[in-house]
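Please work through the exercises below with the sequence and the model side by side. Try each task before reading its solution.

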Amino acid sequence: MDVLELARWQFAITTVYHFFFVPITIGLSAIVAWYHSRWLRTRDESHLRMAKFLGKLFTINFALGLVTGIVQEFQFGMNWSSYSRFVGDIFGAPLALEALLAFFLESTFLGLWIFGWGRIPEKLHAASMWIVHIGTVLSAYFILAANSFMQNPLGYDINDETGRAEMTDFLAVLTNKVQLVAFPHVITACYMVGGAFVLGVGLHKMRQSARLAQQATDEAGTKGGPDHAVDRRMYRHAARLGAVVTLIAGLGVIISGDLQGKVMTEVQPMKMAAAEALYETPPDGQCAPFSVLTVAGLGGENPTHVIEVPCLLSFMGTGSWDGEVQGMTELENEYRASFGDGELTAAETYIPPIAMSYWNFRLMMGAGFFAMVVAAWVLVATRKDRVPMGRWVAPLLVLTPLATVFGHSFGWIFTEMGRQPWVVFGEMTTSQGVSPSVGTADVWTSMIVFTLLYGGLAVVEVRLLLDYIRRGAEPFEEPRLIEEDEPLEFAY
């Protein structure tokens, strides 16, 4: 592989891995904040126990997400120096706000929440987790603003002397129409991930509590202990809350995704055509179908649509059942005429990888629908204090959270692969953004180091999460005010 391919692989590995942690952090922080606030409002002991229990899982995920995010900066500067120079003036402002404002809120108030038990007023303590959540959402907004510029560049001029893009309108960058539809789509998907995570953990612990209660009953010959019953009700509430969040957020994902598809068809018609492997524009008077399942070559050639919904792609792209969606052949001819002679814009082909675009688009949707179906089933299966104890339930506890996390990543891969060969649409191709002075040995070395580091972090993350999930929520302890002269205590 040459430097370009290696640099793209390293970007994919580091970014996708980091992106596993981001949606869990955003979604779970909101649920922890909700449980903490409910404790203040109701004084229900189980709400405080769940706030602390889920807060530990959130903190583990946040810490590892922070470590993996730092690597992004290194690989951008090392492998993509030409791209960094080109967009540095544009990305500087949103990324500075992300670091100075959003990350400041996240890290400062998370520390306040972790070490503030009994040391600060209760309402301020609960509010600190909401501020952490707001910080995570703001962080996502600024990162997406930078990414939306790559999809649909606005608010800039090209300096002919330096060859760099220079910002002329920061508000245009922040209110890019791609950003305005991508942000709600990503955030609702994050809530879906958080909901599915709590659903999986809650249902697992609910089944475990029911099993322990049955064992206690069998051994003592009397009804299971009251502690197990309290825990079962607490985890049942968490499982049902997670299911409700997953369903509501899933509806938000569908609605925002529909809006995003229409904006995508307007500003990036090639990406929408690649999502359907639509090579030829349908003749006048004919609509574009959407294939749920297709059999084709690895490159997407000679597709045979096994399951096809007539006119659905036209509706997804234009809002009209007979709207026109351009095919890739026609679009490539237009792009060649517009960009084929430019120093930074010439490319061998303007058609993105078809198989990657097509399947990631469907895997993204399939994972989301799967999680919603499971969430609806959980609401039905746990009615009237029932506990689904079948062995076939266990795989769902793992697959449902993973489906939402991977669905998030499938969507991100589609977003990035579907705009190829562009790194900044219409201004710079990906091949022009790679560092000219970095050799294959350099990229191989850093990629191996990052991959090994990430593998080690994955082991740490999974073991810590499983260990704390196994321990479960700690027994209720009435919060008490800590006197000023008491020694500090490490809580987590």
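The exercises that follow deal with pockets, a cavity, a pair of helices and some unusual backbone angles.

This is a predicted model, in which local features need pLDDT of at least 70 and side-chain atom pairs count only at pLDDT 80 or more, while totals for chains, interfaces and linings use all residues. Residues are numbered from 1 along each chain as its sequence is written, and side-chain values use heavy atoms, with hydrogens and water left out.

**Exercise 1. Describe the largest pocket and its lining.**

Step 1: the largest pocket has a volume of about 1,100 Å³. A pocket is an open set of points on a 1 Å grid over the protein atoms alone, with protein on both sides within 12 Å along at least five of seven lines, and lining residues have an atom within 4 Å of a point. The volume is the space filled by probe spheres set on the points, which are joined across faces, edges and corners.

Step 2: 39 residues line the largest pocket, and H18, Q72, E73, E98 and I143 are the closest to its centre.

Step 3: at least two lining residues come from each of α1 (3-42), α2 (45-79), α3 (81-115), α4 (122-151) and α12 (393-417), and α3 gives the most, with ten residues. Helices (H or I, at least four residues) and strands (E, at least two) are DSSP runs, numbered from the N terminus.

Step 4: sorted by class, the lining of the largest pocket has 22 nonpolar, twelve polar and five charged residues. Here Ala, Val, Leu, Ile, Met, Phe, Trp, Tyr, Cys and Pro count as nonpolar, Asp, Glu, Lys and Arg as charged, and the others, Gly among them, as polar.

**Exercise 2. Find the residues that line the largest cavity.**

Step 1: the structure holds one cavity of 30 Å³ or more, a cavity being a set of points where a 1.4 Å probe fits but cannot get out.

Step 2: the volume of the largest cavity is about 50 Å³, and among the residues lining this cavity are Q268, Y335, Q420, P421 and W422.

Step 3: the cavity lining divides into six nonpolar, three polar and two charged residues.

**Exercise 3. How are α8 and α11 placed relative to each other?**

Step 1: the axes of α8 (269-276) and α11 (354-381) come within 7 Å and cross at roughly 75°. Axes are lines fitted to C-alpha atoms, for helices over the stretch in contact, and angles run from 0 to 180 degrees between N-to-C directions.

Step 2: α8 and α11 are therefore roughly perpendicular to each other, a term that covers angles of 65 to 115 degrees.

Step 3: the contact (heavy atoms within 4.5 Å) joins A274, A275 and E276 in α8 to I354, S357, Y358, F361 and R362 in α11.

**Exercise 4. Locate a cis peptide bond and residues with a positive phi.**

Step 1: most residues other than glycine have a negative phi, and most peptide bonds are trans.

Step 2: the peptide bond from Q420 to P421 is cis, with omega near 15°, and P421 has its place in the loop between α12 and β5 (422-424).

Step 3: C311, although not a glycine, has a positive phi of about 70°; this residue is found in the loop between β4 (304-309) and α9 (312-318). C311 is buried (under 20% relative accessible area, 1.4 Å probe, protein chains only), at 19%.

Step 4: D385 has a positive phi near 65° and sits in the loop between α11 and α12.

Methods:
Parallel < 35°, antiparallel > 145°, perpendicular 65-115°, else oblique. Buried < 20%, exposed > 50% of the residue type's maximum accessible area, 1.4 Å probe, protein only.
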